[in-house]
There are 2 protein chains.
Amino acid sequence: MRSTALHTDRYELTMVDAALRSGAADRRSVFEVFTRRLPARRRYGVLAGTGRLLEALESFTFGSDEIEYLRSSSNLAPETLEYLAGYRFGGDIIGYPEGECFFPGSPVLTVRGTFAEAVLLETLTLSILNHDSAVAGAASRMTTAAHGRACMEMGARRTHEGAAVAAARAAVIGGFAGTSLDEAGRQYRLNVIGTAAHAFTLVHDDEESAFSAQVAAFGPETTLLVDTYDVATGVDRAVAAARRAGGELGAVRLDSGDLVAQAFRVREQLDELGARSTRIVVTSDLDEYAIAALNAAPVDSYGVGTRLVTGSGHPTAELVYKLVARENSAGVMEPVAKVSADKASVGGFKLAGRVMGGTGPTAGTRSVAAPEGAGPTTGGDGGAGEPEVPAGATAVEELIVASADSAAARAELERTGARPLQVELVSGGRIAEEHRGAGAVERARARLLESRAELPYSAWRLSEGEPAIPTRHLAV
Amino acid sequence: MRSTALHTDRYELTMVDAALRSGAADRRSVFEVFTRRLPARRRYGVLAGTGRLLEALESFTFGSDEIEYLRSSSNLAPETLEYLAGYRFGGDIIGYPEGECFFPGSPVLTVRGTFAEAVLLETLTLSILNHDSAVAGAASRMTTAAHGRACMEMGARRTHEGAAVAAARAAVIGGFAGTSLDEAGRQYRLNVIGTAAHAFTLVHDDEESAFSAQVAAFGPETTLLVDTYDVATGVDRAVAAARRAGGELGAVRLDSGDLVAQAFRVREQLDELGARSTRIVVTSDLDEYAIAALNAAPVDSYGVGTRLVTGSGHPTAELVYKLVARENSAGVMEPVAKVSADKASVGGFKLAGRVMGGTGPTAGTRSVAAPEGAGPTTGGDGGAGEPEVPAGATAVEELIVASADSAAARAELERTGARPLQVELVSGGRIAEEHRGAGAVERARARLLESRAELPYSAWRLSEGEPAIPTRHLAV
């Protein structure tokens, strides 16, 4: 894999340069990835990209090409170039597993290392997590809106060619059944689908010969696109083409017009023709709202393009990468935070847990928004006598415990019975195998299904509203 | 470069499969890239990505890895895999030069070859042109809104890591002065800028030591970020840090709060401190509207992130790739078009020209929208007696001439005195050198400046409205 080390904003390199000179480069530091808010109408976020980030991290080294580029095009000191030439991330990263739901303030990724080694990862980390989480979040809304009908990703043509591969991966994590994009299929072993475009009908002398050609190649179980000319005529011809080949047509695809009305008409026509097993696939300008509106119509599956790969109105998650703690000149770790009114953050290393209904001190408070900032926990004891979280338990709170002492934070989380949310991703520079590679996609998809199922029903709403559960910050 | 051939939607491969079987694969075909409409509030589009497409086309071959993937994961016939293994685009491509403005219906790219060889390029072509044109279009609006003040691209963290590189390139085509992203600087020899984030201030024990460290590394002409704590105090400390190093501070950067009000306060403070040469850079959540609002404020340059790389509300251009003509079974070229009400297109091979004010038959008609569909030209003769297009001439119409005979179309364009818009990009599979590589960015940027300057003033408006010039279709 080509070096990923220049997927870096120049200021990260200049900060390393100046910090090497000031001595701050070696200070132990904690950077945190979180979002201050969810996009409008989003009740939860879906973390995606972790597996890709870990793969990219492996190639985050400055080889001779990268160093030569920097030497010739920057004002970095020779000592800085030397530091970069020897750079390899040697710190620790914990984070929410890929596919986990998140909320405002959730510490979805925490990077610990020296200031210099951790600050360099800002841009690459955010590029990957912001893009993939935006798509996975949109995909999750679409798949819940589809209520079990299959959704297929078809948006490659509407996004950057490399982003398209990552978008297909994120869509599958968000519950999509597959993609149209072969490069994504190859890289992540995704289910790839596709039959024909209008061009295939148009290149033939008439619709009948096009349909016959496609059925000859792929059998009657193929999907025929019936709206190049007249839809009703197209459906007749499609069913006939399949029957001439001795079978019943697999599906018809509708890619234009009023899909709800057309789906009813086409279903009726198919049934009248006796083609009751022939399915209806729709693919024109869909998003979660269009899918919800089509739920009442006799549609079997959805192909989604533009709105999926562009995050359905929110093409980037608003995740930021902030220094939240660092060693001071006396060698003591201290929380730090920017104080600007509109971009304030909560300092300190944090552990996070999802508090479940009936099992912790916050049971019954699910409709109460958590206060801004940290405060002491109140009520309940969540002790050993409490029952296990039952199957079908409902999440009631995102509890985020800041502490200079991670044992104390862990004890506090345990006390509340919260489900711990962070897993070890990188330890002393060693990247955990189980969170990357093709298998990571399946695991992330399963994680989302489980995590989403725990959320209260409001999480499934498409309308404006508060996050599905409130976030509570605590300092111990 | 790695093979780009699987940046392909599966249906392109299945269409080739079925067309090889039906015999349609060899039919001479013409595919056209165009948009049916511009996004809301856009008065013109900016074509970008052509250079990247030509580079990607060079690697569009199916090697043994790609063939093996398809063999193991698709139902393509062995004959199809054999065809793909030998595939190399051998046709012709003409198109608008990168950086050229376009309008609804503009044939920005025309691909001619056999059906099979041309249909395979759909997804890659659209991915690249849709993404890059979306960013370049947004960038162009921002740079006109900035009225000569420098705009810098800083959005890498808010888009896919590969898309970020292309976005920086497109932003520079759209008039941006540079980027923060080193990988983009390396790949396209762009100007790369960057100094420090809030983390740099926070990692030091106090703001003063952070500023001193940065000035020690980069001299007093650096840009100091002054809003980590209190802005007024930050400005005092920043100016003092530069002066301790024996110079005047280059610039201060503001990244939060009410930028207009702050810019006035900070300018006043800098002037009172005698730091009249110290510039003000602003960088928080900017788009073309925020930039327009800041024009009245004493700001020297803009750093733009999220809204730029996500196309300022339109993360993808709506370019489509449609079969517009093909050989029939008798070997005669025929125009073809889908007839669906909401996705109709105009068939036939087309040449396009921009008609300039006072030089052609359409002079004086600039406020008249062109009728839908093709019709005969009327009035004027635009003959040899007409004056040359004067410097500073204004475009009045996008004239698109469809014809089975390109000599006839060319003659018609010449008759109107329109500026021909298409250039040869690929000829018999040979890719033109002058439209790719790092030099292509500079040329595209220059093309946009010229093309944009020809448009009527309404092109610069940020509000809702019609395209800056109407499109007229003509068939000869």
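Start at R461(B), which is partly exposed at a relative accessible area of 41%. Here buried means under 20% relative accessible area, exposed over 50%, and partly exposed in between (1.4 Å probe, protein chains only). R461(B) sits in the loop between α16 and β19 (471–475) of chain B. Helices (H or I, at least four residues) and strands (E, at least two) are DSSP runs, numbered from the N terminus.

This is a predicted model: local features need pLDDT of at least 70, side-chain atom pairs count only at pLDDT 80 or more, and totals for chains, interfaces and linings use all residues. Residues are numbered from 1 along each chain as its sequence is written, chains are lettered from A and ligands numbered from 1 in the order in which they are written, and side-chain values use heavy atoms, with hydrogens and water left out.

**Stop 1: around R461(B)**

Show the neighbours of R461(B). Leaving aside residues up to four places away in sequence, R461(B) touches R41(B), R43(B) and R141(B). Contact means heavy atoms within 4.5 Å. Now add V396(B). Its C-alpha lies 16 Å from that of R461(B), and 65 residues separate the two in sequence.

**Stop 2: salt bridges in chain B**

Select R415(B) and E412(B). Their side chains meet in a salt bridge, 3.2 Å from N to O. A salt bridge is a side-chain nitrogen of Lys or Arg within 4 Å of a carboxyl oxygen of Asp or Glu. Both residues lie in helix α15 (residues 406–416) of chain B, three residues apart, about one turn of the helix. Is E412(B) buried or exposed? At 11% relative accessibility, E412(B) counts as buried. R415(B) is partly exposed, at 29%.

Next, pick E454(B) and R419(B). This salt bridge is 3.0 Å, N to O. E454(B) lies in helix α16 (residues 438–454) and R419(B) in strand β16 (residues 419–420), so the pair ties together parts of chain B that are 35 residues apart in sequence. E454(B) is buried, at 13% relative accessibility.

Switch to chain A and select E100(A), R354(A), E398(A), R419(A), R447(A), E450(A) and E454(A). Salt bridges that share partners join these residues into one network. Over all chains, the structure holds 68 salt bridges.

**Stop 3: across the two chains**

Select E122(A) and R157(B). What links them? A salt bridge does, with the closest N and O atoms 2.7 Å apart. E122(A) is in helix α6 (residues 122–145) of chain A and R157(B) is in the loop between β6 (150–153) and α7 (161–173) of chain B, so the pair joins two chains. E122(A) is buried at 5% relative accessibility. R157(B) is buried too, at 15%.

Then take D205(A) and R27(B). They form a salt bridge whose closest N and O atoms are 2.8 Å apart. The count between chain A and chain B is 16 salt bridges.

Colour the whole interface. 98 residues of chain A are in contact with 98 residues of chain B. The area buried between the chains is about 7900 Å², and carbon and sulfur atoms give 55% of it. R157(A), D182(A) and R186(A) lose the most area to chain B among chain A residues, together 10% of what that side buries. Buried area is the accessible area (1.4 Å probe) that two parts lose on being put together, summed over both.

Stay at the interface and click T159(A). It lies in the loop between β6 (150–153) and α7 (161–173) of chain A. T159(A) counts as buried, at 9% relative accessibility. Which residues does T159(A) touch, not counting those up to four places away in sequence? They are A164(A), V309(A), S127(B) and H131(B).

**Stop 4: a helix of chain A**

Go to A240(A), in helix α11 (residues 231–244) of chain A. A240(A) is partly exposed, at 30% relative accessibility. Add L273(A), 33 residues apart from A240(A) along the chain. The two C-alpha atoms are separated by 9.5 Å.

**Stop 5: zoom out to chain A**

Show chain A as a cartoon. Its secondary structure comes to 16 helices and 19 strands. The C-alpha trace spans about 85 × 60 × 35 Å along its principal axes. Of the 476 residues of chain A, 63% count as buried. Among contacts between residues at least 6 apart in sequence, 79% join residues at least 24 apart.
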